[in-house]
Amino acid sequence: MTTAIRPESLPPMAITWDSTRVNKTGSWRYLRPVYRDKTPPCHAGCPTTNEIERVLYWVALGDLDRAWEILTAENPFPAITGRVCHHPCESRCNRGRFDEAVGIREVERFLGDWALRAGKRVEPLVPKKSNKRVAVVGGGPAGLACAYHLARLGHAATVFEANPEPGGVLRYGIPNYRLPKSVLKAELHKLKDLDVEIRTNARVGQDVSWDELQRQYDAIFVATGVWKSLPLRVPGEDLKGVLSGLQFLKALHQGQGQPLSEELGERVVVVGGGNTAMDVARTALRLGKRVVIAYRRTRAEMPAIPEEIEEALAEGAELIERVSPTKILGEDGRVVGIELQKMRLGEPDESGRRRPVPIEGSEFVLEADTVITAIGEAPDFAGLPEELHDEWVVPVDEWGRVLRQKVFAGGDVIDQPHTVVDALASGKRAAIAIDLFLKGKLDRKEADEIRRRIELPQGGLSMRRYVEDPGALLLDNTRIVEYEQLNPAYFQKIARTPPQERPPEARVRDFSEVKPGFDWDEALREAERCLHCGVCNGCDNCFVFCPDLAVTRNAGADGRGYPYAINYDYCKGCGICVQECPRAVLELVREGSGEGG
Amino acid sequence: MAKKVLMGNHAVSYGARLSRVEVIAAYPITPQTQVVEELAEMCAWGDLNAKFIKVESEHSAMAACIGASATGARAFTATSSQGLLLMHEMLHWAAGARLPIVMANINRALAPPWSIWSEQTDSLAQRDTGWLQFYCESNQEVLDTTIQAFKISERVLLPAMIILDAFFLSHTYEPVEVPAQEAVDEFLPPYKPPLKLDVDDPHAFGALVGPDGYYEFRYNIQKAFEEAQRAIIEVGEEFGERFGRAYGLVEPFYVDDAEVVLVTSSTITSTARAVIKERRARGERVGLLKIRVFRPFPFEAVREMLLGVPKVAVIDRNLSLGHHGIFHAELKSALYGQRNAPAVFGFVAGLGGRDVTPRTIHQILDIVGSQEEPDRDVYWIGLKAKAEEGQPAGNGRKQRQRVKA
């Protein structure tokens, strides 16, 4: 060989005769990097398991159709939740630990409104219609969501609504300035698109009997809500001028605003600190009243959405903290004032909030023309069989099923938080359960396997995971990505986009919406703030950093697979790609451990 | 052609731009910063169509240049002092890989103690890395040498370092003739690499070679340095024909009949020129030899110029600690054993940017004029010391003997 090497025969630099591809350096590896999408905390924290990260991904790319399809697989009414949801997703958003949480709800609203303007139609998720019929009792968010998802799974759903219009709390509770009736109406059009029959003025036990439903339908979903206001249990509660919050709101929604307004007088005291109390207070303000909110703990403990409290106070409501009514004072059978007793906060109760303890002798009187109570609601079980419920709730199992019958329940009648999004989630859960039930799978082991596949860490069930081919599911639904797992070196601090807002002095003059919602630019800017925790968004870091060029762009990526592939023939398992992945998608597994394929 | 008033650093940038560099990777360091600042602006404004790579260290800067050059791109960087030292490993690689990268180095003293002022030790410490080294005297020479360096490097496949003094050149403004782009394009055609990275025909570059071949590769690099001597002369002459300013390996000034010849490099040369003129006016037979190219060391050229001259004095703004000034040592090795070799005096002056003034050079000429042979290995000129240890102004030997007595 030495004879071949002469100075004049050499190239300028020593290079190999052939490609070094023959040297499969992957054989040196004892750790293997694998792509594995994990559950972002927003996704897990959303009761309806909205795939927020994917939605924001497509919004940021301007593909609203795709974003909307993904969103409406889980949540039928983004234009509604985009306005009224208490957005637990934002509380869980990892970006909150970096600068400020992503304004997810406003983007959702933008997308929902866009779809309404664009006249988007939802289509069934499965091509074939079953010949099964399901009765949905109660046309509020839970019932409508259940009907929506059942219809998308191919079943015929009939909604029995006691009131003249469907919507439940969306129509008869939440005021117009938070959720315009036009938006509600447009969103509910989806049910018509899906051939869901809605029978209004059809109260079960009055207009249709429970036995009829049992006979005529293959399954029944009960979601009649909570429409009885809890009484204050103080003297004077029967005086003229004492109203329940629900009564008040419902009357208003039924177009009785003007006569009601005259009846209220000047000074309105609202008792309670929940969302109903805020709705009542802000509605009264819009009727031109002076409003005082009396709450027995402090603002920090109020169960209402913080923004609602903030907006109510900005609009001129006065908050008196740590007081509880002891008596309602009247003259000639009509309210003239309310006696309140001061409270101090004692030890935490079972809800974790400090229990209010009365201070003896601290009573004082507040003059009032009207007292509106909003201290909680209870269900009205009239028309439902006794065995379905106890005093407060309809007990259900983990699928939302009652007594292992063909009856399922959801919304505020079951033991869960009384929120719109929890109601929507319970409707979806029941739709999946009913689908399994109608196929005879619910009582079988298969149901447990399916549940493992579709359940997210905080208990939400994903419709996309339910209908997708299990092999196409990239996301590990057992692990949530926490902030500590991210590599924030790759993120830039960007302030949250503040939603536009009408000034308080203007908005209390009418019932129009407080916030006009994001425009295109704002929605895109906010969507771009998403860190895509745990989900590959094709940032190219692994591709750029791999010193062995073992990461290749996956040309066949169609949004279902990963945009990259690792050539394990040459990957030495150095772990640089794992270190540099900003969002904890890549992870190292022990070679030969059987993990990661 | 246009005349511009440019600082030395910008003369480098203009030279690089006119050479149509394609990749620039650099890390900032005083006093080099304006070189790449100007280039970054040229890229940003679209005056230069180059990929500007920001890196986190000089080691990476050179690594990026190596990668770029291996793909056949014309690559350029600039650095100074500690930055150059950090590149050291990559400097060897660039030369061993025969990549014609061009780099400007602004001569700056090494720490500690920290100094930002001029001294040549940083670049001279890289003399064994296989880089061509050009020491420039003026901003015009800086610009012209940058353009020539690409042509020379690409012909012999060796990287080149253009070297200029911190502040004395880097931050000093001088009128500079900036040649027209078309003229430079005619002089310097695009780089055509004999070998380049090609994803469609993959090979490992810089592969392992056993004892049966390494020796031959090194031999070829040495041959390339020999070829570089010819290339520098030819390219310097061609440049002269096209642009009116010719360059060579060395530059003589009143050497022919000189009894004493100063050997200098970089900006000290200009100061020395003035002193030589003054002394010539007084009728003294003194001359000057500027060494422009340090690698390849111009053995033949210095022999031609200096054999037969009675006395030679080398002024070094640098020091190989434990040895001599580095030009001094190299010059002696070139003259050793030659017939009619001169007596060679070595002066270390101006370390850490201390001024080397006409007075300093007069002092040197006085010392050399007063004795036939050097009486010590190294003369420290301008050392602040106690009187008894101080450097004698006249005959050193006598004075030292006096102290001893």
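Here is a short tour of a predicted model, going from the place where its chains meet into chain B and then over to chain A.

**Stop 1: where the chains meet**

Start by showing chains A and B in separate colours. Now pick out the residues at the contact: 18 from chain B meet 15 from chain A. Stay on the chain B side and colour by residue class. You'll find 11 nonpolar residues there, along with four polar and three charged ones.

**Stop 2: the domains of chain B**

Hide chain A for a while. Select residues 2-243 of chain B for domain 1, then 253-404 for domain 2. Taken over C-alpha atoms, the centres of these two domains of chain B are 30 Å apart. Where they touch, domain 1 of chain B puts in 26 residues and domain 2 of chain B puts in 20.

Which elements should you highlight on the domain 1 side of that contact in chain B? Try helix H6 (121-124), strand E6 (132-135) and helix H9 (214-243), each of which supplies at least two residues. H9(B) has the largest share, with five residues. Colour this side of domain 1 of chain B by class too, and it splits into 15 nonpolar, six polar and five charged residues.

**Stop 3: the seven-stranded sheet**

Still in chain B, switch to a cartoon view and look for an open sheet of seven strands with mixed pairing. Walk across it in the order E3-E2-E4-E5-E7-E6-E12. Your walk begins and ends at the edge strands, E3 (51-54) and E12 (293-295) of chain B, each paired on one side only. On average, neighbouring strands in this sheet are turned by 20° against each other, ignoring direction.

For a closer look, select residues 23-26 and 75-80 of chain B, which are strands E2 and E4. The two run parallel and are joined by two bridges. Label B:Val23, then find its bridge partner in E4(B), which is B:Ala75.

Next, add helix H7 of chain B, residues 139-156. What does H7 lie across? Strands E5 (102-107), E6 and E7 (160-165) of chain B are the ones to show, and the helix runs at about 165° to E7(B).

**Stop 4: over to chain A**

Bring chain A back and give its four domains their own colours: 24-37 + 535-590 for domain 1, 41-120 + 481-527 for domain 2, 133-228 + 379-443 for domain 3, and 231-375 for domain 4. Focus on domains 2 and 4 of chain A, whose C-alpha centres lie 32 Å apart. Each gives seven residues to their contact. On the domain 2 side of chain A, those are four nonpolar, one polar and two charged.

Note on methods:
Residues are numbered from 1 along each chain as its sequence is written. Chains are lettered from A and ligands numbered from 1 in the order in which they are written. This is a predicted model: local features need pLDDT of at least 70, side-chain atom pairs count only at pLDDT 80 or more; totals for chains, interfaces and linings use all residues. Two residues are in contact if their C-beta atoms, placed from the backbone, lie within 7 Å. Ala, Val, Leu, Ile, Met, Phe, Trp, Tyr, Cys and Pro count as nonpolar, Asp, Glu, Lys and Arg as charged, and the others, Gly among them, as polar. Domain bounds come from an automatic or database domain assignment. Helices (H or I, at least four residues) and strands (E, at least two) are DSSP runs, numbered from the N terminus. Two strands pair if DSSP finds at least two bridges between them. Axes are lines fitted to C-alpha atoms, for helices over the stretch in contact, and angles run from 0 to 180 degrees between N-to-C directions.
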